[in-house]
Amino acid sequence: MTGEPAPGSAAPAAAAFDGRAFARGLTTEPGVYRMFDAGGGVLYVGKAANLRKRVSSYFSKQHGPRIALMVARIARIEVTATRTAAEALILENQLIKALKPRFNILMRDDKSYPYLLLTQEAWPRLVYHRGGRSRPGRYFGPYPGTFAVRDTLELMSKLFRLRTCEDSVFRNRTRPCLQHQIGRCSAPCVGLVGEAEYRDAVRRVALFLEGRSDEVMGELGQAMDAAAQALDFETAAALRDQIAAIRKVQARQYVDGDRAELDVVACVLGAGLAAVVVLSFRDGMNLGTQAHTMRVEQDVDEAEVLGAFLAQHYGGRGVPRELVLSHEPEELDTLAEALSQQAGHAVQIRVRVRGDRARYLEIARRNAALALATEQASRASQQARLEDLEALLGLPAPPARIECFDISHTLGEATVASSVVFGPEGALRGQYRRYNIHGIEPGDDYAAMRQALSRRFRRGMEEGVLPDLLLIDGGKGQLAQALEVLRELGVEGVAVIGVAKGEERRAGDERLVFPDGRELRPGAASPGLQLIQQARDEAHRFAITGHRKRRQKARDTSRLEDIPGVGPRRRQALLKHFGGLAGLKDAGVEEIARVEGVSATIARRIYAFLHGLPDGGGEGARV
């Protein structure tokens with residue numbers, strides 16, 4: 001059983017990462033490395049003249065408290081090799097700006113790539129947006145980071161002067177605000193700009209953000225000439241400044257002298273595996289490489305792999321205007337046409353390139369070869385762990401499917417069970433499952449485990465999908481619950497092991513509890529125990545994540561349940577519209593009233609309840 005982790009505790013999955021072994025397999029070439037925690041967050045981005053030497057230094061000597069804390073949280077490392085140390089320096093700087101790693105910059109607020117949203121309203125606004133795209137309007141992005149979005153917003157307000165205020169403010173103004181006085185808003189709230197003129201500004205914002213700034217400059221140039229001919233030199237000067245500002249923005253979009261929105265894709269094959277690396281450029285930023293590995297048949301070639309990869313990789317996601325490939329797939333024209341239709345713009349696919357693009361392709365090829373070598377080493381290591389686990393537990397063969405169960409709750413609230421799956425290739429995340437536990441005494445971990453296992457193995461018996469090895473996070477009591485469930489359901493051929501925490505919960509001190517009562521302490525050096533630790537820690541993480549989501553949802557719902565007139569349908573509509581209770585609390589009365597099924601009276605009641613006001617108060621108020 002696991003409850004809440006101690007504040008500031010290191011991610012459990014980091015214990016399974018063997019940094020020294022990883023570093024030994026790295027190249028001695030220059031490049032950039034990215035360190036990730038168990039949740040996939042970027043901890044640190046660094047450069048190196050010798051990747052192997054630099055990365056190994058983190059795991060072979062003592063460090064100060066800050067670096068030691070970072071190293072303790074490392075769950076995986078990705079590397080991008082470059083031709084020179086100078087290229088590594090440039091790429092490191094760009095990745096830090098784009099990713100905002102926690103241990104590079106103290107104030108890290110970028111949890112995902114942000115967007116700009118041009119709202120769908122009578123008088124549209126351009127606003128910062130991050131999260132699900134549930135709000136109506138046009139989305140532009142993603143941008144490399146928060147600061148890039150805020151810089152663009154500031155520029156847009158200077159150039160096109162769209163309103164920035166919320167509707168609750170906009171509808172109640174009687175005079176222009178400070179934004180109008182400093183030239184950042186055209187003040188449609190008080191009628192200082194006509195609808196047609198404001199629509200032109202909105203259209204130009206959209207053109208600019210679509211990358212069609214030349215069209216915007218053409219329109220502004222014609223307007224400037226017309227103003228000058230009409231002797232309206234003040235307007236002409238303002239338009240001239242707009243054009244100059246747009247030219248500055250265009251200059252920012254150039255990478256090594258060439259404006260780029262492209263992906264460079266390279267493929268390398270070896271021993272039944274394929275590695276495909278995508279080197280991406282967006283908004284003038286080199287966002288680094290993304291590696292993908294997969295099993296392939298022996299008779300396929302790189303061109304065939306690339307053709308299948310491109311069709312799957314870009315399905316449902318943005319496609320850049322240009323793709324540079326290491327090999328030419330069959331029916332290249334058909335592929336380009338399909339991607340162009342999906343993207344809504346022409347997509348050019350190039351195979352034979354020169355100059356900068358040839359250099360980018362060389363980098364992508366080198367990193368594909370490194371990714372392939374890393375994957376081969378990782379699979380060999382995983383196989384060695386499975387073979388050691390076979391000997392450790394006395395199994396008839398290395399387990400092809402391992403499942404691990406864990407329970408998470410806080411003082412019995414919102415109990416969630418998790419099941420994670422590991423195979424010969426490592427974690428099978430697509431087969432993870434969570435079970436919301438109902439109808440038990442709060443805090444009864446045995447009953448929670450029984451319910452989760454019963455649901456899992458009842459379905460497993462029907463579908464014929466059962467593990468070779470079942471790991472239970474807990475000692476003899478939890479193990480007994482698992483054995484009883486399997487016996488009641490008639491499940492046979494599944495080895496069951498309890499994983500009990502050692503003294504002071506130190507990694508490597510775990511006790512393996514067998515059904516016959518035997519206990520085994522393999523020690524931290526055991527490859528088989530390392531695999532068990534990895535599965536147990538992954539189940540722990542997955543359970544806690546589900547528990548926190550369920551607990552927060554329950555608290556959001558329970559607060560709304562106390563408001564008269566807000567039933568299940570309205571609660572669901574409100575939480576979906578605002579993305580949770582926090583978003584609802586930040587909304588004004590008018591915004592709440594726009595939700596389907598919520599009248600103005602109920603909106604005022606909700607606002608008053610959430611802000612501790614008398615019922616019916618808060619009309620026109622704004623948080």
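C189 is buried, with a relative accessible area of 19%. The cut-off for buried is under 20%, so C189 falls on the buried side of that limit. This is a predicted model, and the values here are computed from it. How many disulfides does the model hold? The count comes to 0 disulfides. C189 is in none, and the nearest cysteine sulfur, that of C165, is 5.9 Å away. A disulfide needs two cysteine sulfur atoms within 2.5 Å, so C189 and C165 do not qualify. C404 also counts as buried, at 1% relative accessibility.

**The β2-β1-β3 sheet**

Three strands form an open sheet in the order β2-β1-β3, with antiparallel pairing. β2 and β3 (76-81) stand at the edges. Each has a single partner strand, so one side of each has no neighbour in the sheet. On average, neighbouring strands are turned by 15° against each other, direction ignored. Helix α2 (residues 51-60) packs on this sheet and touches β1, β2 and β3. The direction of α2 makes about 30° with that of β1.

Strand β1 (residues 31-36) is joined to β2 by 6 bridges, and the two run antiparallel. F36 has V42 as its bridge partner in β2. M35 is bridged to Y44, also in β2. The hairpin of β1 and β2 has 5 residues between the strands, and G40 takes a positive phi near 90° there. Is strand β2 (residues 42-48) largely enclosed or largely open? In β2, 6 of the 7 residues are buried, so the strand is largely enclosed by the rest of the structure.

**The β5-β4-β6 sheet**

A second open sheet of 3 strands has the order β5-β4-β6, again with antiparallel pairing. Its edges are β5 (126-129) and β6 (137-140). Each edge strand has a single partner, so one side of each is left without a neighbour in the sheet. Neighbouring strands here are turned by 30° against each other on average, direction ignored. Strand β4 (residues 115-119) is joined to β6 by 4 bridges and runs antiparallel to it. T119 has G137 as its bridge partner in β6. Helix α8 packs on this sheet, touching β4, β5 and β6.

The two sheets and their packed helices are set out below.

| Sheet order | Average turn between neighbouring strands | Packed helix | Helix angle |
|---|---|---|---|
| β2-β1-β3 | 15° | α2 | about 30° with β1 |
| β5-β4-β6 | 30° | α8 | about 155° with β4 |

**Helix α8 and the cores**

Helix α8 (residues 195-209) has 15 residues. At 1.5 Å a residue, the helix should span 21 Å, and its end C-alpha atoms are 21 Å apart, so the two agree. Which residues of α8 are buried? They are Y198, A201, V202, R204, V205, A206, L207, F208 and L209.

The largest nonpolar core has 29 residues. L118, L126, M156, F160, L162, V205 and L209 touch the most other members. At least two residues each come from β4, α5 (146-160), α8, α9 (213-229) and α10 (233-252). Which element supplies the largest share of this core? Helix α8 does, with 8 residues. Apart from this core lies another, of 22 residues, including C267, V300, Y314 and L339.

Conventions. Residues are numbered from 1 along each chain as its sequence is written. This is a predicted model: local features need pLDDT of at least 70, side-chain atom pairs count only at pLDDT 80 or more; totals for chains, interfaces and linings use all residues. Side-chain values use heavy atoms; hydrogens and water are left out. The expected span of a helix is 1.5 Å times one less than its number of residues. Buried means under 20% relative accessible area, exposed over 50%, partly exposed in between (1.4 Å probe, protein chains only). Two strands pair if DSSP finds at least two bridges between them. Axes are lines fitted to C-alpha atoms, for helices over the stretch in contact, and angles run from 0 to 180 degrees between N-to-C directions. Contact means heavy atoms within 4.5 Å. A nonpolar core is a set of buried Ala, Val, Leu, Ile, Met, Phe, Trp, Tyr and Cys residues joined through side-chain atoms within 4.5 Å.
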